[in-house]
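Please take a reader new to this structure through it step by step, in connected paragraphs. The sequence and the model follow.

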Amino acid sequence: MSGTVLQQARLATMVSGGTPYGLIEDGALALSEDGRIAYAGPRADLPAEFSGWPATSLNGRLVTPGLVDCHTHIVHGGNRAREFELRLEGASYEEIARAGGGIVSTVTATRAASEDDLVADALRRLDTLIAEGVTTIEIKSGYGLSVEDEIKMLRAARRLGRERDVRVVTSYLAAHAVPAEYKDRADAYIDEVVLPGLDAAHAEGLVDAVDGFCEGIAFSPKQMARVFDRARALGLPVKLHAEQLSDLGGAKLAAGYGAISADHLEYLSQESVDAMAKSGTVAVLLPGAFYTLRETQMPPVGALREAGVAIALATDCNPGSSPMTSLLLTLNMGATLFRLTPEEALAGVTREAARALGLADDLGTLEAGKIADLAVWDVETPAELTYRIGFNPLHSRIRPSGQTGAA
Ligand code: DI6
Ligand code: FE
């Protein structure tokens, strides 16, 4: 086996338990031809077996694991700038949703779009994320709300992963909103669309996990349990939008199904924190939605820390509550709005985001055996990635395919 060595590199390995950020000042990385990290550690300790491999100097640049955006709705039709104006005039997110705006208005635009349209539109947003060092992105359906349109969204998501050098992980989110044609008939919508759509999408290999929106304006825990039962029968992992606007106990329900993540969590109770700790469910915090909706209820970061629940951060890129395509800005918001430390914030888009996608064995830290997805930065300290606002210090991404995407 051969490969390449990167040296004169400062490594934020994000391996926990040692130095902050798992930092190695004078580091080296050996990347083998099979796309894995063969060695990540001090240059002085590089094993002799790698010293014959061609070496490149990174001139002291910082290397982190490739960034992981573990919660996005990047595939969608249209935009909601008008709703943004209405909210500035005083309407709430829930009022707009109940009046037929909100998610349902994006459904109209998404149904009208072809798969090609969805791909072309999403590529602009995806490229913005890639330019900031993102190498893995989770993409949800949830704006089709018919079997055919949910499948169209998921096909578009998979295509994005073929059109760009990025790993796409999909989530089936038909239980996102009740479409107009099923108004007040949420259970019928689950029976006639959500469950058969899941079977069909799974049969086509389009589903990596199953998600839902558990909220007064969407689905109850009881309804979500029906969807999760089907996911379990198909052997698919589950996750949930929970406790974003109120506490329905969604995260506890999800934890009971061994959910890989529960997301948003502003109104999370201590009981649900404990349930998540027990099941190893990752808390995915979404400061872009908190900021956009001008929420004042903070997710219980202290209680999550105390209970040892892993915390991830993501953009929640969507046209309504988080029209944001910057994971670096998400880091800054995670620190400034939620008081995460810069180290927690960076772990939240690397190690813990990988865990939130069930990919902790392959991604999220710089360690031998993991996939060689890297981001190289023109910064001196890892905290700079969280500290700046609107500045992108990415030098390059490195992925096993051998392609690099310059900033
Ligand atoms: N919560 C969110 O923040 C997104 N979905 C959800 O369930 C927002 C979806 C939207 O407003 O379009
Ligand atoms: Fe979301």
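A crossover between two strands is called right-handed if, with the strands pointing away from the viewer, the path from the first strand over the helix to the second runs clockwise. With that convention in hand, and keeping in mind that this is a predicted model, one can begin with strand β8, helix α6 (residues 186-203) and strand β9, which together make a right-handed β-α-β unit.

Strand β8 spans residues 167-175 and is mostly covered, with 9 of its 9 residues buried. One partner of β8 is strand β7 (residues 134-140), which runs parallel to β8 and is joined to it by 5 bridges; within this pairing, Ile-137 stands opposite Val-168 of β8. Another partner is strand β9 (residues 209-214), which pairs with β8 over 3 bridges, again in the parallel sense. Here Ala-175 of β8 is found opposite Gly-212 in β9.

From these strands the reader may turn to the metal. Which residues coordinate the iron ion (ligand 2)? The donors are the NE2 atoms of His-71, His-73 and His-241 together with OD of Asp-316, at 2.1 to 2.3 Å from the iron ion. Along the sequence, these donor residues follow the spacing H-x1-H-x167-H-x74-D. Distant parts of the chain are thereby linked, since His-71 belongs to the loop between β6 (67-69) and α1 (81-88), while His-241 lies in strand β10 (residues 239-242), 170 residues apart.

Are these two histidines, His-71 and His-241, buried or exposed? A residue counts as buried when its relative accessible area is under 20%. His-71 is therefore buried, because its relative accessibility is 0%, and His-241 is buried as well, because its value is 3%.

The angles among the 4 donor atoms of the iron ion (ligand 2) run from 79 to 166 degrees, and the site is irregular. Four donors would count as tetrahedral if all angles lay between 85 and 135 degrees, so the range of 79 to 166 degrees at the iron ion does not meet that condition.

Empty space in the model is the last topic. The largest pocket has a volume of about 470 Å³, and of the 21 residues that line this pocket, the closest to its centre are Ala-97, Arg-98, Val-104, Val-178 and Ile-217. Two or more lining residues are given by each of the elements α2 (93-98) and α3 (103-112), and the largest share of the lining, 3 residues, comes from α2.

Technical notes
Residues numbered from 1 in each chain as written. Chains lettered and ligands numbered in written order. Predicted model: local features only at pLDDT ≥ 70, side-chain atom pairs only at ≥ 80, totals over all residues. Heavy atoms only, no water. Donors = N, O, S within 2.8 Å, 3.2 Å for Na, K, Ca; no water. Tetrahedral: all angles 85-135°; square planar, octahedral: opposite > 155°, others 65-115°. Helix = DSSP H or I, 4+ residues; strand = E, 2+ residues; numbered from the N terminus. Buried < 20%, exposed > 50% of the residue type's maximum accessible area, 1.4 Å probe, protein only. Pairing = 2+ DSSP bridges. 1 Å grid on protein atoms, 1.4 Å probe; cavity = no way out; pocket = protein on both sides within 12 Å on 5 of 7 lines; lining within 4 Å. Points joined across faces, edges and corners; volume = space filled by probe spheres on them.
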